[in-house]
Amino acid sequence: MDAVTYPQPPVVATVVAHAVPVQFDNSKAENKELLSRLHHIWTPDLRVMDGSGSELYRWDGFLPPPEFIARALCGFAQAHLRRREFEKAEAIYVDVLTRFSTTYAAPEALYYLGVTRYRRDPQSDELLSQWANLRSRYPTSEYRVKQSFKELP
């Protein structure tokens, strides 16, 4: 694992609070088949997977500790969302927005906070409310563009 990010205590605390970390050395022959099945292309290659090996979230490439933590938390939240554990997902997305509001992952957290609240209660106006918040807080983000279909005539 990367010598700069992974050993940092806040990074370690975040990962072990939400996951069982596993590392495979892509230079070792014994890992070649597994990495091929995972369609590994670049390092670091980070994935949130369930106990059966189903991938729930992924990203590639180095991130410094605050960006890594925010991205990992979004991954853990997305895993909860995919398992319909809405309260857990919501709590993590709110945490990202509270502690890491200036990171690249923050717009993703706000986008999926709206999705999480909508999936929990389709009658609420939380989806559009959070997406309006997204438009104002992160107007140039990819996630702002993803929600822009709501503005089409």
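**Exercise 1. Strand pairing**

Find the bridge partner of Leu46 in strand 2, then describe the hairpin around it.

*Solution.*
- Start with the partner: Leu46 bridges to Trp59 in strand 2.
- Place the strands. Helices (H or I, at least four residues) and strands (E, at least two) are DSSP runs, numbered from the N terminus. Strand 1 covers residues 45–49 and strand 2 covers residues 55–60.
- Check the pairing. Two strands pair if DSSP finds at least two bridges between them. Here five bridges join strand 1 to strand 2, and the strands run antiparallel.
- Look at the turn. Five residues lie between the strands of this hairpin, and Gly53 has a positive phi near 95°.
- Add the charges. A salt bridge puts a side-chain nitrogen of Lys or Arg within 4 Å of a carboxyl oxygen of Asp or Glu. A network of such bridges links Asp45, Arg47, Glu55 and Arg58.

The model is predicted: local features need pLDDT of at least 70, side-chain atom pairs count only at pLDDT 80 or more, and totals for chains, interfaces and linings use all residues. Residues are numbered from 1 along each chain as its sequence is written, and side-chain values use heavy atoms, leaving out hydrogens and water.

**Exercise 2. The chain as a whole**

State the order of the elements along the chain, and the share of buried residues.

*Solution.*
- Count the elements: the chain has seven helices and two strands.
- Read them from the N terminus: α-α-β-β-α-α-α-α-α.
- Take the extent. The C-alpha trace spans about 55 × 30 × 30 Å along its principal axes.
- Set the burial classes: buried means under 20% relative accessible area, exposed over 50%, partly exposed in between (1.4 Å probe, protein chains only).
- Apply them. Of the 153 residues in the chain, 41% are buried.

**Exercise 3. Salt bridges between helices**

Which parts of the chain do the pairs Glu108–Arg71 and Arg120–Glu90 tie together?

*Solution.*
- Begin with the total: the structure holds 10 salt bridges.
- Take Glu108 and Arg71. Their closest N and O atoms are 2.4 Å apart. Glu108 is in helix 5 (residues 106–120) and Arg71 in helix 3, so this pair ties together parts 37 residues apart in sequence. Both Glu108 and Arg71 are buried.
- Take Arg120 and Glu90. Their side chains meet at 2.3 Å, N to O. Arg120 is in helix 5 and Glu90 in helix 4 (residues 86–99), so this pair ties together parts 30 residues apart in sequence.
- Classify the ends. Arg120 is partly exposed because its relative accessible area is 34%. Glu90, at 16%, counts as buried.

**Exercise 4. Backbone outliers**

Locate the cis peptide bond, then describe the positive phi values of His39 and Arg84.

*Solution.*
- Recall the background: most residues other than glycine have a negative phi, and most peptide bonds are trans.
- Find the cis bond. It runs from Thr43 to Pro44, with omega near -15°. Pro44 sits in the loop between helix 2 and strand 1.
- Turn to His39. Its phi is near 60°. His39 is in the loop between helix 2 and strand 1. With 61% relative accessibility, His39 is exposed.
- Turn to Arg84. Its phi is about 65°. Arg84 lies in the loop between helix 3 and helix 4. A relative accessible area of 49% makes Arg84 partly exposed.

**Exercise 5. Empty space**

How much space lies in the largest pocket, and how much in the largest cavity?

*Solution.*
- Define the spaces. On a 1 Å grid over the protein atoms alone, a cavity is a set of points where a 1.4 Å probe fits but cannot get out; a pocket is an open set with protein on both sides within 12 Å along at least five of seven lines; lining residues have an atom within 4 Å of a point. Points are joined across faces, edges and corners, and a volume is the space filled by probe spheres set on them.
- Pocket: the largest has about 1,100 Å³ of space. It is lined by 39 residues, and the closest to its centre are Pro21, Val22, Asp45, Leu46 and Arg47. Helix 1, helix 2, strand 1, strand 2 and helix 3 (65–82) each supply at least two lining residues.
- Cavity: the largest holds about 30 Å³. Its lining has 10 residues, with Tyr6, Pro44, Phe62, Leu63 and Phe68 the closest to its centre.
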